[in-house]
Structures are given as C-alpha cells and as structure tokens.
Amino acid sequence: MGTTQRIGSGVKNEPNWANLTSSVTSVAKAVADIEEEDHKEKPTEPEKIEIQEKRYSTLLKRRDAHVRSAYERLIKIGGGSKNISSGNSSKVGRAGIKSSGKLVSFFSSASSNGLQTALTEIGFASLAGKTVRDVIDYLITFCGDSATGMDETAANQAICEVLREVESEADNDLNNLEDLFKVYTDGDKLSELLCNFFGVYIFEYLSERLEERLRQMKGEAIAKETFDHIKKDILGRVTRLNQNKPVAKIDWAGPAGKNEIERIFEAVIKIEE
C-alpha cells in the first residue's frame, strides 16, 4: 500500500494521531473478540444461548461504534469535512481533489471530443495498435500523483481501483471504452464513480497511516480482517449514498463540474461523520 509513516502523538508539526490510533486499535480488539466468540462451542440451554447472543450483539455494536469514531477523528484531524472536500486541508483531501479533477476532465473531453482527441490532449500517441489496458494504464499515471506522501498514495490507489473497473467494463474493446466515457458523463455513472473513488481514497488514507502499526500490535490476520471490515463499511455507506442521491445532469467541463466534485466528496465524508 506504499510507505506507512510511523505514528507519534508528540511529533513536532504533526497532528495528534493518538485518538485515531486508539479508535482503530479498538476496532481490531472488537474484531478479535468477535472471532473468538465465533469459535466458541455453541450452548444448547436456552438461557445460555440468549446470553451468548446478547454478548455477540454487543461486540458487533462496539466494533461499529469504534469504526464511526475512527472516521470522526480522521475528519477532525483534517479540519472538518468542508475543509477536506475543498482541498484546503494540509493533511488529507488535496490529492483526492486533484486526481478526481483530472479524471472528470478527461471523461468530459473523451465524451465531447472523442477518445483519440482527448488522449492526444494529454500526450498519448495514436490509438493504432493500442489496447484498452494501454489506455487505462496511461490514465492511471496521468490522473495520479508522482509524490509519495500518504495523501498522494491514497489517491493513486483509488484512481487505480476505479479505472480498473472501467477497464473491465470495456471488455478489451476500444470502441466500448469510448462509448463508456460518454455513458458515464451523460448519465449518473460518473457521480457514482466519484463516490466510489472518494470512498476508496478515505479507506486507503486510513490504511496507509495505520495498517502496519496494527499488524505489529495485533498480528497479520487481525489487522487484515480489521481493515477489510473498515473498507466494507465505507463502501457500503457509499452504495447507500449512490442509491439515495438525486439524478442530475452535470456540465462536468464547467465550474458546475468542479462544484459537484467537492459536493460529492463532502457527501462521502459526511456519511463518515
């Protein structure tokens, strides 16, 4: 996932990450307790069954509460959802806004001007002899960031994930890929893609910061299960956001497009608040 920076609560010019670390560690403890409960012998007496079911329910609620706490503390570190979604936070958000802006700009150009013209504008040579994988690989590099900080690494991971999904949809056919850019831009799919991008981005930022430390503290298996659950939780919230948001025609090439990117980013962050 990239280089994980060491957590310290007293590093000069760094935010205090102790509370966030504590929240994620508490998620891991709840995950370990749930796993332990899963492996216990199941009672047969009705009274003991009820006690075990109540304990299991309590553990699930405790885990989910700690996950929510981790989101809240990350957002507090970033200075609030509005600060993050506008790209004004020095901790998290800038790389996400930058990469999503490049992504939307290209989709809009490919939809309006055609795939070859849009690719030429960003320095890609002729499509002759090229594959869908060639185009997607180039776009991942173009939309990504060469810097190696946590913010940039998280944005790069998210760009890669959502563009690989587009690649899969194109089914190795450049004509399909060109049609997809228009379908995404003309309909509501680009908004959905952005929601997914920002969901993955938030997850990757958390894991970049904390997964290695958690692995050292709790072991490989619990660390993996903990972050698998966090990702599932975030993307589940994003799915519900996509289902509930109004369908709207957006001029992605104009100022409305930039505003919509920030609006979607803030909506994704707020479902974590």
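A residue counts as exposed when its relative accessible area is over 50%. Keep that cut-off at hand for this tour of a predicted model.

**Stop 1: Lys 61**

Select Lys 61, which lies in helix α2, residues 46–77. Its relative accessibility is 59%, so Lys 61 counts as exposed. Now add Leu 190 to the selection. Lys 61 and Leu 190 are 129 residues apart along the chain, and 34 Å separates their C-alpha atoms.

**Stop 2: the whole chain**

Zoom out to show everything. How many helices and strands does the protein chain have? There are eleven helices and zero strands. Followed along the sequence, the pattern reads α-α-α-α-α-α-α-α-α-α-α. Along the principal axes, the C-alpha atoms fill a box of roughly 70 × 50 × 35 Å.

Switch on a surface. The protein chain exposes about 13,600 Å², and carbon and sulfur atoms supply 48% of that area. Of the 273 residues in the chain, 48% are buried. Among contacts in the chain with a separation of 6 or more, 74% are between residues 24 or more positions apart.

**Stop 3: α9 and α10**

Hide the surface and select residues 189–218, which form helix α9, then residues 220–244, which form helix α10. These two helices pack at an angle of about 160°, and their axes are 9 Å apart. Which orientation does that give α9 relative to α10? An angle over 145 degrees counts as roughly antiparallel, so α9 is roughly antiparallel to α10. The crossing of α9 past α10 is right-handed. Colour the contact by residue class: 15 residues are nonpolar, six are polar and six are charged.

**Stop 4: α7 against α9**

Keep α9 on screen and add α7, residues 150–170. The axes of α7 and α9 come within 8 Å and cross at roughly 140°. The two helices are therefore oblique to each other. Their crossing is right-handed.

Show the side chains where they meet. On the α7 side, the contact residues include Met 150, Ala 154, Ala 158, Ile 159, Val 162 and Val 166, along with Asp 151, Glu 161 and Glu 169. From α9, the contributors include Leu 193, Phe 197, Val 200, Tyr 201 and Tyr 205, as well as Lys 189, Glu 204, Glu 208 and Arg 209. By class, the contact of α7 with α9 has twelve nonpolar, three polar and seven charged residues.

**Stop 5: α1 against α9**

Leave α9 in view, hide α7 and select helix α1, residues 18–38. Here the axes come within 10 Å and cross at roughly 55°. That makes α1 and α9 oblique to each other. α1 passes α9 in a right-handed crossing.

Which residues of α1 and α9 meet? In α1 they are Leu 20, Thr 21, Val 24, Thr 25, Ala 28 and Lys 29. In α9 they are Leu 206, Leu 210, Arg 213, Leu 214, Met 217 and Lys 218. This contact divides into seven nonpolar, two polar and three charged residues.

**Stop 6: the loop between α7 and α8**

Bring back α7, residues 150–170, and add α8, residues 174–186. Look at the loop between them. Asp 171 is in this loop, and so is Asn 172.

Start with Asp 171. Is it buried or exposed? With a relative accessibility of 60%, Asp 171 counts as exposed. Check the backbone next. Most residues other than glycine have a negative phi. The phi of Asp 171, however, is positive, near 55°.

Move on to Asn 172, another residue that is not a glycine but has a positive phi, about 60°. At 62% relative accessibility, Asn 172 also counts as exposed. Which residues is Asn 172 in contact with, leaving aside its neighbours within four places in sequence? They are Thr 131, Val 132 and Glu 167.

**Last stop: from Asn 172 to Val 27**

Keep Asn 172 selected and add Val 27. In sequence the two are 145 residues apart. From C-alpha to C-alpha, the distance between Asn 172 and Val 27 is 40 Å.

Terms used
Residues are numbered from 1 along each chain as its sequence is written. This is a predicted model: local features need pLDDT of at least 70, side-chain atom pairs count only at pLDDT 80 or more; totals for chains, interfaces and linings use all residues. Side-chain values use heavy atoms; hydrogens and water are left out. Axes are lines fitted to C-alpha atoms, for helices over the stretch in contact, and angles run from 0 to 180 degrees between N-to-C directions. Helices (H or I, at least four residues) and strands (E, at least two) are DSSP runs, numbered from the N terminus. Angles under 35 degrees count as roughly parallel, over 145 as roughly antiparallel, 65 to 115 as roughly perpendicular and the rest as oblique. A crossing is left-handed if the near helix is turned anticlockwise from the far one by less than a right angle, and right-handed if clockwise. Ala, Val, Leu, Ile, Met, Phe, Trp, Tyr, Cys and Pro count as nonpolar, Asp, Glu, Lys and Arg as charged, and the others, Gly among them, as polar. Buried means under 20% relative accessible area, exposed over 50%, partly exposed in between (1.4 Å probe, protein chains only). Contact means heavy atoms within 4.5 Å. Accessible areas come from the Shrake-Rupley method with a 1.4 Å probe; for residues, only the protein chains shown count as cover.
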